[in-house]
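Biologist: Please take a close look at the contact between the two chains, and at the salt bridges and strand pairings that go with it. A formal, connected account would be welcome.

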Protein chains: 2
Amino acid sequence: MKVDGVHYRTIWLNRDGWGVDILDQTRFPHRFEVVTLRSPGEAARAIRDMQVRGAPLIGATAGYGMALACREDASDAGLDRAEATLAATRPTAYNLAWALRRMREGLRPLSEADRVAAAYRLAGEICDEDVAINEAIGEAGLPLLREIAARKGGAPVRVLTHCNAGWLATVDWGTATAPIYKAHEAGIPLHVWVDETRPRNQGAFLTAWELGRHGVPHSVIVDNAGGHLMQHGEVDIVIVGSDRTTAAGDVCNKIGTYLKALAAHDNGVPFYVALPSPTIDFTIRDGLAEVPIEERSAREVTHIAGRTAQGALVEIQLTPDGSPALNPAFDVTPAHLVSGLITERGLCAASGEAIAALFPERVAA
Amino acid sequence: MKVDGVHYRTIWLNRDGWGVDILDQTRFPHRFEVVTLRSPGEAARAIRDMQVRGAPLIGATAGYGMALACREDASDAGLDRAEATLAATRPTAYNLAWALRRMREGLRPLSEADRVAAAYRLAGEICDEDVAINEAIGEAGLPLLREIAARKGGAPVRVLTHCNAGWLATVDWGTATAPIYKAHEAGIPLHVWVDETRPRNQGAFLTAWELGRHGVPHSVIVDNAGGHLMQHGEVDIVIVGSDRTTAAGDVCNKIGTYLKALAAHDNGVPFYVALPSPTIDFTIRDGLAEVPIEERSAREVTHIAGRTAQGALVEIQLTPDGSPALNPAFDVTPAHLVSGLITERGLCAASGEAIAALFPERVAA
């Protein structure tokens, strides 16, 4: 999407033709800096230090990390080494393993001489496919916003979103934001309520930044505020992303998503989940019982980073000394609270039948 | 309650017999400082700058502010001046106006010579009555925790609370915390989930501090986490305070309370509201339609204060430049989501009939 009028992806080839440029997301929203990766080690560090984050973008960075590895040492041993380094950065990231497997399967059959060019081509394909999937999600979700707009006679469509399922988490478009950007492009007036999304504040730090730079009207709200806004008719639709969706339509997403789904249900507000179909896990059905929830460091709750009036980026402690904190990272929204899924193949109900009908080839035998 | 073993109230007479000591709550939880007020102007500043906050404590401070005023100038004109100064500090604080009216009614009939001693006595009464009301709330709520404890065979009773309805908001005991402190005193094992309560973080800054200093086991969680904990059976009861409760039992409280009530309802977790009966507004019934919700400064969302690793207290910006924020301060939880009210006269259902039966003298004719 655009940053103050200039189009960006989150990852692209440097003008030298082989370095890999990324945005350093650790310093968002206060610094906008492009970093060039020139070795598989630098790619691994970018993933591990979360300069890049979001499953699709991690996969794309790993792909280019293997391309950089081929330039250094395209032997089987060299590729093994790079793959091990990259795989160890975020061991639970599903897309990371998937991208590395795809690179391996594409490169191993080739002679060493052919591997560099092929690796860059494969990494580019991973990126382009992600963009195409997300753009298709945008097209699939656009009619939902168009329909609301038609009812509102020119008043902005108010969309609430949680966390960052935006273009910064993907190569472009984002997932939950794709219908928003498509609607903005189509001239539909919008106002996005951006949940700040404690503890890591991906809403305030990333979603607000990308919407603002692209020119989409929005307001940041605390995570506590969305229910009140829904009670007062201030939210027309909720669109969130998903880290993992079960075959029955239960949605695992950033902690707090479930509370917004409850409020949407209580107030008759449509609650949609935008997701690339690879994040549907056809091996499980009951999200609450079967999805293990990562518990992250208490420090994400007790401390937070931001910018002082003097412009310095600092981390401060919020909680009293001696008070422990608990930090579950995700929650599960049961399918019955979800109005529908927005996938690259179109809309479907959050039910086992509807999901199986849309993705028949993926249903376990 | 206790601070590391020493008993404190939030306001008390200095050992000189006339100055008024308070805790400077603006620097909590990182600094614990006692400030002595020696004039009505200092009392007014303490209220305005939120060194003291919470309706009962504001009322008590205003009472002592009038006592300090009598020492300076006990004439009618002097009292009028002091009353006007104090009343202007937090114009919407219900208890502030109530305490000033009570002081006026007690002092005006007296000769100037008698006013100083009477004012100190009246202010002391306001404090003692608040302590008695809150202690009664604690006694009323204690059986709820005792009953859960009896079912759990020694495992801690896990209480979730939102915001700070603690002793720091009152003169002592607090409202939502009073049953917790009573249970702790009775030897019932407890673990309190403390919602940090964005944007002003009264949970993380105040509730965690007071529970920790008094020795009550607790963990700070982000406001997003409570629903997930309830889904997994990690919350036995929710107890929150209330700024205003309607005659029909709708509860206006800190923003985000409604989301926790929805989650409690969805998971069969009892959801109780502890409140001193003066906060019941018998003139209204429909909280959603009739309670105006204060919209506070966006800066409370976009900025936050805390302590650097070097020990300095600083304020930092969280959101990107140019991103607006919206900051509704309260929400309304409909009575049907409330399991019961804990008042100084005992428990009652959150219904018009039950409230009227418990407070017959206050029902409008």
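Modeller: The account below begins with the conventions and then turns to the interface, the salt bridges and one sheet.

This is a predicted model, in which local features need pLDDT of at least 70, side-chain atom pairs count only at pLDDT 80 or more, and totals for chains, interfaces and linings use all residues. Residues are numbered from 1 along each chain as its sequence is written, chains are lettered from A and ligands numbered from 1 in the order in which they are written, and side-chain values use heavy atoms, with hydrogens and water left out.

Chain A and chain B each bring 62 residues to the contact, where contact means heavy atoms within 4.5 Å. The size of an interface is often given as the accessible area lost when the parts come together. Here about 4800 Å² is buried between chain A and chain B, and carbon and sulfur atoms give 60% of that area; the value is the accessible area (1.4 Å probe) that two parts lose on being put together, summed over both.

Between chain A and chain B, 26 residue pairs are in polar contact, both residues being at pLDDT 80 or more. A polar contact is a pair of N or O atoms within 3.5 Å; within protein, one must be able to donate a hydrogen and the other to accept it, and residues adjacent in sequence count only if both atoms are side-chain atoms. Among the elements that give two or more residues to the side of chain A that touches chain B are helix 7, helix 9 (257–267) and strand 14 (303–308) of chain A. Helices (H or I, at least four residues) and strands (E, at least two) are DSSP runs, numbered from the N terminus. Helix 9 of chain A supplies the largest share of this side, 7 residues. By class, the side has 34 nonpolar, 18 polar and 10 charged residues; Ala, Val, Leu, Ile, Met, Phe, Trp, Tyr, Cys and Pro count as nonpolar, Asp, Glu, Lys and Arg as charged, and the others, Gly among them, as polar.

The interface of chain A and chain B holds 4 salt bridges, each a side-chain nitrogen of Lys or Arg within 4 Å of a carboxyl oxygen of Asp or Glu. Glu196(A) forms a salt bridge with Arg198(B), with the closest N and O atoms 2.6 Å apart. Glu196(A) and Arg198(B) each lie in the loop between strand 7 (190–195) and helix 7 (202–214) of their respective chains, so the pair joins two chains. Glu196(A) is buried at a relative accessible area of 1%, and Arg198(B) is buried at 2%; buried means under 20% relative accessible area, exposed over 50%, partly exposed in between (1.4 Å probe, protein chains only).

Arg307(A) meets Asp321(B) in a salt bridge of 2.7 Å, N to O. Arg307(A) also stands opposite Gln317(B) in strand 15 of chain B. Strand 14 of chain A and strand 15 (residues 313–317) of chain B pair in the antiparallel sense over 2 bridges, pairing being assigned if DSSP finds at least two bridges between two strands.

Within chain B, 4 strands form an open sheet of mixed pairing in the order 13-10-11-16. Its edge strands, strand 13 (280–281) and strand 16 (330–333) of chain B, each pair on one side only. Strand 10 (residues 244–246) of chain B runs parallel to strand 13 of chain B, joined by 2 bridges, and Thr246(B) has Asp281(B) as its bridge partner in strand 13.
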